[in-house]
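Okay, thanks for coming, everyone. Let me put the model up, and then we'll walk through it piece by piece.

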Amino acid sequence: MFQAVVVKTNVTPVAVVCEVRYHRKSIFDGKRKTFQLEVPYGSGEYQRQKYELAKKLKPGDELYVDGYGEEWCDPVYHNVLQRRWNLKFA
């Protein structure tokens with residue numbers, strides 16, 4: 001699992017689509033390419049819990065994503081200053 005930053009979120013009744021990018025290796029490297037992470041509402045309790053967690057994500061929050069960009073876990077919600085820092089430098 002790799003640490004990633006949420007760049008943008010789009011919440012619909014069917015799914016949450018988050019645009020995320022992996023952390024930089026250092027501040028001096030360029031920002032990495034963004035990709036989409038889709039969290040469907042689903043029929044199971046586990047899927048609904050993940051959907052509710054994803055609904056709370058804001059740009060600048062962090063989470064751990066696998067190398068394929070399909071599975072994710074452990075969202076970290078930050079305050080306003082930390083989210084701005086992550087969008088600019090992470």
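Quick bit of vocabulary before I point at anything: helices (H or I, at least four residues) and strands (E, at least two) are DSSP runs, numbered from the N terminus. This is a predicted model, so local features need pLDDT of at least 70 and side-chain atom pairs count only at pLDDT 80 or more, while totals for chains, interfaces and linings use all residues. Residues are numbered from 1 along each chain as its sequence is written, and side-chain values use heavy atoms, with hydrogens and water left out.

Let's start with Lys50, which sits in helix 1. Is Lys50 buried or exposed? Buried here means under 20% relative accessible area, exposed is over 50%, and partly exposed is in between, with a 1.4 Å probe and protein chains only. Lys50 comes out buried, yet it has no salt bridge. By salt bridge I mean a side-chain nitrogen of Lys or Arg within 4 Å of a carboxyl oxygen of Asp or Glu. For charge, Lys and Arg count as positive and Asp and Glu as negative; His and the chain ends are not counted. The nearest side chain of opposite charge to Lys50 is Glu71, 4.5 Å away. Contact means heavy atoms within 4.5 Å, and, not counting residues up to four places away in sequence, Lys50 touches Val39, Glu71 and Trp72.

Lys50 has company: in helix 1, residues 45-55, Tyr51 and Ala54 are buried as well. Looking down the axis of helix 1, the buried residues fall within an arc of 105°, so they line one face of the helix. That arc is taken from the directions from the helix axis to the C-beta atoms. And what covers them? Strand 1 (2-11), strand 2, strand 3 and strand 5 (72-76) are among the elements that do.

Now the core. A nonpolar core is a set of buried Ala, Val, Leu, Ile, Met, Phe, Trp, Tyr and Cys residues joined through side-chain atoms within 4.5 Å. The largest one has 14 residues, and Trp72 is among those with the most contacts inside it, along with Val16, Cys18, Leu37, Val39, Leu63 and Val65. At least two residues each come from strand 1, strand 2, strand 3, helix 1 and strand 4 (62-65). Strand 2 gives the most, with 4 residues. Leaving out residues up to four places away in sequence, Trp72 touches a list including Met1, Leu53 and Tyr64.

Over to Arg24, in the loop between strand 2 (15-22) and strand 3 (35-40). Arg24 is another buried charge with no salt bridge; Asp29 is the nearest side chain of opposite charge, at 7.8 Å. What does the side chain of Arg24 reach at 3.0 Å? The backbone oxygen of Asp29. A polar atom of that Arg24 side chain also lies 3.0 Å from the backbone oxygen of Ile27.

So how many salt bridges does the structure hold? There are 2. One joins Glu19 and Lys8 (4.0 Å, N to O), linking strand 2 to strand 1 across 11 residues. The other is Glu52 with Lys55 (3.7 Å, N to O), both in helix 1 and 3 residues apart, about one turn.

Last oddity: Asp74, in strand 5, has a positive phi of about 50° although it is not a glycine.

Definitions and conventions:
A polar contact is a pair of N or O atoms within 3.5 Å; within protein, one must be able to donate a hydrogen and the other to accept it, and residues adjacent in sequence count only if both atoms are side-chain atoms.
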